[in-house]
Amino acid sequence: MKIVFQGDSITDAGRDKRNYHNMGNGYPKYASALIAEGFPEISFEFINQGISGNRTDQLFDRLYPDAIAFEPDIISILIGINDIWHRYSANRIETTNEQIETNYRAILTRLKKQTNAKIVMLSPYVLDAEDKEHLREDLKSVLPIVERLAEEFADVYIPLNRHFEEAVKTQPEPRYYSADGVHPNANGAEFIGKLYYEAVAPLLR
């Protein structure tokens, strides 16, 4: 069974790009380990094709070689935060909410048409960080778009923003899951990996 992880730096997480079986240090590392342990009777091929910095339009551009060509059984997508972040970067790229929806819909439509994969969508999120407050505000208008698309296209939807909002209430320090509010540390990656496993396990049973 082929499981492809797609997205940006949160998925990439320092993986060795010479070997797409390398899971990096992010949530795919933890999710794949839990899945392999939880379903020893199934032979898995885990593929990580996340690329740091990617926006929705860039993911669409590389969708065939980095996703469809693998003929995945399950494909997960975590994308969107860079569409927001790059609105404020030095090389500003002002992707509108409408463009985000168009790009993301095109990705999902193509996956539906050209694969038989179950689609797992994970929501973008921003945790508490003073210098990311503007991203949190923009995300409020993007999350409903992602949720609508998930309702239409996804077999599994993992609202990371909601899960993190609840989890941070009981953690010992504000940046327990992420130093910068976006990129998860080991605690954050393990947290997402466990959520992923719990959400995807019913598809594997």
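Of the 205 residues of the chain in this predicted model, 50% count as buried. The accessible surface of the chain amounts to about 9,600 Å², of which carbon and sulfur atoms supply 47%. Among the contacts with a separation of 6 or more, 75% are made by residues 24 or more positions apart. The chain carries 23 positive and 31 negative charges, and the mean positions of the two sets are 2 Å apart.

Nine helices and five strands make up the secondary structure of the chain. Read from the N terminus, the elements follow the order β-α-α-β-α-α-β-α-α-β-α-β-α-α. The radius of gyration is 16 Å, close to the 17 Å that the globule rule gives for 205 residues, so the chain is as compact as a globular protein of that length. Along the principal axes, the C-alpha atoms fill a box of roughly 45 × 40 × 35 Å.

Strand β3 spans residues 74-78 and includes S76. The relative accessibility of S76 is 0%; because buried means under 20% relative accessible area, S76 counts as buried. Leaving aside residues up to four places away in sequence, S76 touches V4, F5, Q6, Y27, V120, L122 and Y196. Two of these contacts, Y27 and Y196, recur in the description of the aromatic residues below.

The structure holds 11 aromatic pairs. One of them joins Y27 and Y196, with 6.1 Å from centre to centre and 45° between the planes, a tilted arrangement. Y27 belongs to helix α2 (residues 27-38) and Y196 to helix α9 (residues 186-204), so the pair ties together parts that are 169 residues apart in sequence. Both Y27 and Y196 are buried.

A further pair is formed by Y177 and F191, whose ring centres are 5.0 Å apart; the planes stand at 40°, so this pair is tilted. Planes under 30 degrees apart would count as stacked and those over 60 as edge-to-face. Y177 is in the loop between α8 (160-167) and α9, whereas F191 is in helix α9. The pair thus links distant parts of the chain, with the two positions 14 residues apart in sequence. With a relative accessible area of 6%, Y177 is buried. Y177 and F191 also belong to one aromatic cluster, together with Y125, F164 and Y176. Helix α9 accordingly holds Y196 of the one pair and F191 of the other.

Conventions. Residues are numbered from 1 along each chain as its sequence is written. This is a predicted model: local features need pLDDT of at least 70, side-chain atom pairs count only at pLDDT 80 or more; totals for chains, interfaces and linings use all residues. Side-chain values use heavy atoms; hydrogens and water are left out. Helices (H or I, at least four residues) and strands (E, at least two) are DSSP runs, numbered from the N terminus. The radius of gyration is taken over C-alpha atoms; the globule rule is 2.2 Å times the number of residues to the power 0.38. Buried means under 20% relative accessible area, exposed over 50%, partly exposed in between (1.4 Å probe, protein chains only). Contact means heavy atoms within 4.5 Å. Accessible areas come from the Shrake-Rupley method with a 1.4 Å probe; for residues, only the protein chains shown count as cover. Lys and Arg count as positive and Asp and Glu as negative; His and the chain ends are not counted. The place of a charge is taken as NZ of Lys, CZ of Arg, CG of Asp or CD of Glu. Rings of Phe, Tyr and Trp (its six-membered ring) pair if their centres lie within 6.5 Å; planes under 30 degrees apart count as stacked, over 60 as edge-to-face and the rest as tilted.
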